[in-house]
Amino acid sequence: MLVNKYYYLDKDYEPENIITTTGTYSYANNSLNEETYNAYQELYDAAKSDGYTILIVSSYRNYEYQEELWNERKALYGTRKADEYAARAGHSEHQTGYALDVADFYDTNDKFGDTKSYLWMKDNAHKYGFILRYPKDKEDITGYSYEPWHYRYVGKETANKIFKENITFDEYYAYYLNKEVN
């Protein structure tokens, strides 16, 4: 399922199998698709065994909550900047239940991209079915600014293909999935 500035979810879309995360793996008030959460637990455990504590800080968001977030950004920064850093309601992957934002437990400056945990995620997330959704220097393809903390669950096979080919999920969709549909 591709969700971006051009492919959107209806206001009434609600994913199946959304479960609440535990405090071991995330901060409070987070939930994810069950398959995504199970894969994240594996990722977390592997990172932890390598010395990294990577926690979920944001995950599933319904349409209304995403609308509130975007409107807050718009009020603070204007429409153009809000669109660079936040998805409009219906256009957020968080509404799918497959997206999560992470942080290093010890990162007090909120700069995940500068942490060793980020480097671990960059090298290992695909092994557990996750991709860095908005990579650096791919803004013209994804439509969003670089977000080193935003990961999307796509399954191990797809994540490995995206990782090996160094492409975005948007490119994967266009190259592989859209051809199957047409």
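What volume does the largest pocket have? In this predicted model, the answer comes out at about 700 Å³. Rolling a probe the size of a water molecule over the atoms shows where empty space is left, and that's the kind of space we'll walk through here.

Start with the walls of that largest pocket. Its lining is made of 31 residues, and if you want to find the centre on screen, look for Ser-58, Arg-61, Arg-73, Asp-101 and Trp-149, which lie nearest to it. Four elements each put at least two residues into this lining: the strands β3 (54-58), β4 (99-104) and β6 (147-153), plus the helix α2 (63-77). Of the contributors, α2 gives the largest share, with six residues. As for chemistry, the lining splits into 14 nonpolar, eight polar and nine charged residues.

Now move over to the second largest pocket, which holds about 360 Å³ of space. Here 18 residues form the lining, and Lys-122, Leu-132, Pro-135, Phe-163 and Asn-166 sit nearest the centre. Two or more residues apiece come from α4 (116-124), β5 (130-134) and α6 (156-165). Sorted by class, this lining has twelve nonpolar residues, along with three polar and three charged ones.

One last stop: Asp-140, which you'll find in helix α5, residues 139-142. Is Asp-140 buried or exposed? Its relative accessibility is 70%, so Asp-140 counts as exposed, given that the cut-off for exposed is over 50%. To place Asp-140 against another residue, take Leu-100: the two are 40 residues apart along the chain, and 22 Å separates their C-alpha atoms.

Notes:
Residues numbered from 1 in each chain as written. Predicted model: local features only at pLDDT ≥ 70, side-chain atom pairs only at ≥ 80, totals over all residues. Heavy atoms only, no water. 1 Å grid on protein atoms, 1.4 Å probe; cavity = no way out; pocket = protein on both sides within 12 Å on 5 of 7 lines; lining within 4 Å. Points joined across faces, edges and corners; volume = space filled by probe spheres on them. Nonpolar A, V, L, I, M, F, W, Y, C, P; charged D, E, K, R; others polar. Buried < 20%, exposed > 50% of the residue type's maximum accessible area, 1.4 Å probe, protein only.
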